[in-house]
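Here are some notes for a colleague who is meeting this structure for the first time. They are set out as numbered points, to be read alongside the sequence and the model.

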Amino acid sequence: MQTPYQLPILLYHRVVNSTCRIGKHKTYVWESAFRKQMQWLKDNGYQTITFSDLDALPANADPGKKIIITFDDGYTDNYTIAFPILKEFGFKAVIYLVTGYKRNEWNLHEGEPALELMSKEQILEMQNYGIEFGGHTRHHVDLKNSTADKQREEVTGCFNDVATITGKKPLSFAYPYGAYNNDTLKVLAQSGFKYGITTIFGPHNWPEDLLRIRRIEVRPKDGLFAFRRKASGRYFNRSWYHFLFAK
Ligand SMILES: [Zn+2]
């Protein structure tokens, strides 16, 4: 297993090049910023890996400069905008799919623009290149406020859906809204997923708890300085929210 800190996990949602796709939740980065961030990783010798790469590493492997790039929800811009840039830099990523919808039905009522999710063909093309796919429930539900039965249906159903789409058993699952409770952890452990991915919750030394793995979100206003801190893992150690949210 990898050593901690040395493996930062970045969280993205959408990569955009037009203001009409921004929405109000600020869960995007501009295409130009994304390209600069990938360029910085390349220039600084980072290797992007997936959870299956992580599983294949020998226990005593030198972690070197490895990083996992993740995207939540599976928007089509991951295919149309992010994927060409990832290919340009020879980078991999992990994308968490909502399998019960064709677009973002879960936040349209909040005024978000309607956005298509990726098609099976797009997913398979990306997988063929080396992008890994994981689960994010069927209907983007708040698991923390759902019954255990509902959670099982959403998590195990999603595991089966991703396996059907990709022809591979998925390894990792990202909790929608980063929300989970004790039932969720039990459901996940029984579902077939090996890794549970949160947002800012979970131990800093994440190999301690594979069902509560921390990520750091890249925000639309992050300049290269902020990105550098996030990508190098320093953001976790020194930021103010470490003291507020560390468990
Ligand atoms: Zn999501």
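**Notes on the predicted model**

1. Val15 is a convenient place to begin, because with 25 other C-beta atoms within 10 Å it is buried, the cut-off for that word being 20 or more. The model is a predicted one, and in it Val15 sits in strand β2, which covers residues 14-16.

2. Which residues does Val15 touch, not counting those up to four places away in sequence? Its contacts are Tyr28, Val29, Glu31, Phe34, Asp77, Asn78, Ile81 and Ala82. Thr27 lies 12 residues from Val15 along the chain, and the C-alpha atoms of the two are separated by 8.8 Å.

3. Val15 also belongs to the largest nonpolar core, which has 58 residues, and it is among those that touch the most other members, together with Leu10, Tyr12, Val29, Ala82, Ala93 and Ile95. Helix α3 supplies the largest share of this core, namely 5 residues.

4. For the chain as a whole, there are 9 helices and 10 strands, and 39% of the 247 residues count as buried. Among the contacts with a separation of 6 or more, 64% are between residues 24 or more positions apart.

5. Helix α1 takes in residues 31-43, and its length can be checked: at 1.5 Å a residue its 13 residues should span 18 Å, and because the end C-alpha atoms are indeed 18 Å apart, the two values agree. The buried residues of α1 are Ala33, Phe34, Gln37, Met38 and Leu41. Seen down the axis of α1, these buried residues fall within an arc of 135°, and so they line one face of the helix. In general, an α-helix has 3.6 residues a turn, so residues three or four places apart point the same way.

6. What lies over the buried residues of α1, and what is carried by the face turned away from them? The cover includes β2, β3 (28-30), β5 (66-73), α3 (76-89) and α7 (224-231), whereas the face turned away from the buried side carries the exposed residues Ser32 and Asp43. After α1 comes Gly45, with a positive phi near 75°.

7. Helix α6, residues 182-191, can be read along similar lines, with Thr184, Val187, Leu188 and Ser191 buried. Why do they lie on the same side of α6? They cover an arc of only 100° around the axis, which puts them there. The exposed residues Asn182 and Gln190 are carried by the face of α6 turned away from its buried side, while the cover over the buried residues includes α5 (148-166), β8 (172-174) and β9 (195-197). Just after α6, Gly192 takes a positive phi of about 115°.

8. The last point concerns a pair of strands, β6 (residues 94-97) and β7, which run parallel and are joined by 4 bridges. Within this pairing, Val94 stands opposite Glu132 in β7. The chain passes from β6 through helix α4 (residues 120-129) to β7, and this β-α-β crossover is right-handed.

9. In strand β7, residues 132-135, Glu132 and Gly134 point one way and Phe133 and Gly135 the other, and all of them are buried. This fits the general pattern that in a regular strand the side chains alternate between the two faces of the sheet.

Terms used:
Residues numbered from 1 in each chain as written. Predicted model: local features only at pLDDT ≥ 70, side-chain atom pairs only at ≥ 80, totals over all residues. Helix = DSSP H or I, 4+ residues; strand = E, 2+ residues; numbered from the N terminus. Buried ≥ 20, exposed ≤ 12 C-beta atoms within 10 Å, placed from the backbone. Expected span 1.5 Å × (residues − 1). Arc of directions from axis to C-beta. Contact = placed C-beta atoms within 7 Å. Pairing = 2+ DSSP bridges. Right-handed = clockwise from strand over helix to strand, strands pointing away. Core = buried A, V, L, I, M, F, W, Y, C linked by C-beta atoms within 7 Å.
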